[in-house]
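Colleague: I've got this one open on my screen and would like to walk through it with you. Mind if I just fire off questions?

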Amino acid sequence: MDNTDQISEKEKKTEGSSHKIGIYLWIWGLLFVLSFFSYMVDWYQFQGMLRWSLILFFMFLKAGLIMAFFMHLFWERYALVNVLLWPMTAIACFIFLMAAEFQYTFITRMFYFFVGGAA
Amino acid sequence: MSSDPKIDGFELKPGFRGMASDTGSDQTMFKGVHWGKAMMWIFLVSDTFVFSCFLIAYMKGRGSTPVEWPNPSEVFALDAFGVPVPLLLIALMTFVLITSSGTMALAVKYGYEKNRKMCGWLILATAIGGLTFVGMQVYEWSKLIHEGVRPWGNPFGAAQFGSFFFMITGFHGTHVSIGVIFLFIYAYKVFAGHYENGGKRGWFTTMKGDYVEIEILGLYWHFVDLVWVFIFAFFYLW
């Protein structure tokens, strides 16, 4: 019987059904600050690589915080977390494929619209 | 959460070792996860693919046009006291959505603590936040339509801008609207005590309600906020 009590105690920890209010308020505050920073990227009109890297940095940080703490993934078991996150690599592949594709389309359009093709 | 009875008496291992034994255990794979929660997650993964396809199509469209793309920080600028402020409305929408995400997270927490009143009020606050967001989006759409933005063209630059704008923000706005409807329904269910004293039977089911439903609703709502993070970054800031 002692053993089962220990397990249910462990379950409580891993399930993450109820957490202290502090963690939610912290994440909430951080999301506000990060959103403010990403708005500042536009406010100060940063351009080029600096702009893009800052946008991506704040975006991934915000997305990570929401998923890990608001959506409780940080406390879920790996069986669920891995099933959810690995499919995202397919999206990454698709992004790379289409990035190559738009560059090709762009170059082709420049070539035929403005250069007039290989006369 | 009333955990899956099948796991009683089993020692759950942590980390990747736990993942291997959970997956190969010849029973429920997601130990201690309510089936509704697992199904909501799987729906959200499929929804992620839908939104990814929209955003990747947008990347492809924007990257392949030789015409100048409209500058979002000018197109979405708003006059505040006679001064044009870049992206003002979009920034406000972002803060409103994050606020509602925070209240939702707290609603889930109070739900699990069986604090009926706090949970209900916080869900109601979340719903009102979502409603505010949709209202601001309606304003944004009507402003742009008045300025002549159409799915087939606009006065600011590349013709593809309008179609991507209406498709992506429209699909996200639909998600928010559906979420708001469900938030109001669940606010009622919480206040009416459908999850108290062992739970009341839900619609179209003989199963008893449980506060885990609030976490499932919360997953959907946080996902809507999550998608907005990506739309904000790629469509409005890029």
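Colleague: Let's start with L87(B): is it buried or exposed, and how many other C-beta atoms lie within 10 Å?

Modeller: Bear in mind that this is a predicted model. The cut-off for being buried is 20 or more other C-beta atoms within 10 Å. L87(B) clears that cut-off and therefore counts as buried, its number of other C-beta atoms within 10 Å being 22.

Colleague: Where does L87(B) sit, and what is its phi near?

Modeller: L87(B) is in the loop between β2 (83-85) and α4 of chain B. Most residues other than glycine have a negative phi. L87(B) isn't a glycine, yet its phi is positive, near 60°.

Colleague: Moving on to α4(B), how far does the helix reach from its first C-alpha to its last?

Modeller: Helix α4(B) covers residues 88-112, which makes 25 residues. At 1.5 Å a residue you'd expect 36 Å. The model comes close to that, with a reach of 37 Å.

Colleague: How many residues of α4(B) are buried, and which residue with a positive phi follows the helix?

Modeller: The helix is mostly covered, with 19 of its 25 residues buried. After α4(B) comes a residue whose phi is positive, near 60°. That residue is K114(B).

Colleague: Which helix gives the largest share of the side of chain B that touches chain A?

Modeller: The contact takes 49 residues from chain B and 47 residues from chain A. On the chain B side, α1 (15-23), α2 (35-64), α4 and α7 (212-237) each supply at least two residues. The largest share is 10 residues, and it comes from α4(B).

Colleague: And by class, how many residues of that side of chain B are nonpolar?

Modeller: Eight of the residues on the side of chain B that touches chain A are charged, and 14 are polar. The nonpolar ones number 27.

Colleague: What about the largest nonpolar core: which helix gives the most to it?

Modeller: This core has 67 residues, and those with the most contacts inside it are A107(B), I123(B) and F232(B). Both chains feed into it: α2 (21-43), α3 (48-70) and α4 (78-85) of chain A, along with α2, α4, α5 (116-146), α6 (160-191) and α7 of chain B, each supply at least two residues. The helix that gives the most, with 18 residues, is α7(B).

Colleague: Leaving aside neighbours within four places in sequence, which residues is A107(B) in contact with?

Modeller: A107(B) is among the residues with the most contacts inside the core. Once its neighbours within four places in sequence are set aside, its contacts are C119(B), L122(B), I123(B), T126(B), I214(B) and G218(B).

Colleague: Over to chain A, then. What covers the buried residues of α3(A)?

Modeller: α3(A) has 23 residues and reaches 32 Å, close to the 33 Å expected. Its buried residues are I55(A), F58(A), K62(A), I66(A), F69(A) and F70(A). The cover over them draws on both chains, including α2 of chain A together with α4 and α7 of chain B.

Colleague: Which residue just after α3(A) takes a positive phi?

Modeller: Look in the loop between α3 and α4 of chain A. The residue there isn't a glycine, but its phi is positive, about 65°. It counts as buried because it has 21 C-beta neighbours inside 10 Å. The residue just after α3(A) is H72(A).

Colleague: Back to chain B: what separation do the centres of its two domains have?

Modeller: The domain assignment gives domain 1 (1-33) and domain 2 (34-237). The contact between them takes four residues from domain 1 of chain B and six residues from domain 2 of chain B. On the domain 1 side, three are nonpolar, one is polar and none is charged. Taken over C-alpha atoms, the centres of domain 1 and domain 2 of chain B are separated by 33 Å.

Colleague: Last one: what share of the residues in chain B is buried?

Modeller: Chain B has seven helices and two strands, whereas chain A has five helices and zero strands. In chain A, 15% of the 119 residues count as buried. For the 238 residues in chain B, the buried share is 37%.

Note on methods:
Residues numbered from 1 in each chain as written. Chains lettered and ligands numbered in written order. Predicted model: local features only at pLDDT ≥ 70, side-chain atom pairs only at ≥ 80, totals over all residues. Helix = DSSP H or I, 4+ residues; strand = E, 2+ residues; numbered from the N terminus. Expected span 1.5 Å × (residues − 1). Buried ≥ 20, exposed ≤ 12 C-beta atoms within 10 Å, placed from the backbone. Contact = placed C-beta atoms within 7 Å. Nonpolar A, V, L, I, M, F, W, Y, C, P; charged D, E, K, R; others polar. Domains from an automatic or database assignment. Core = buried A, V, L, I, M, F, W, Y, C linked by C-beta atoms within 7 Å.
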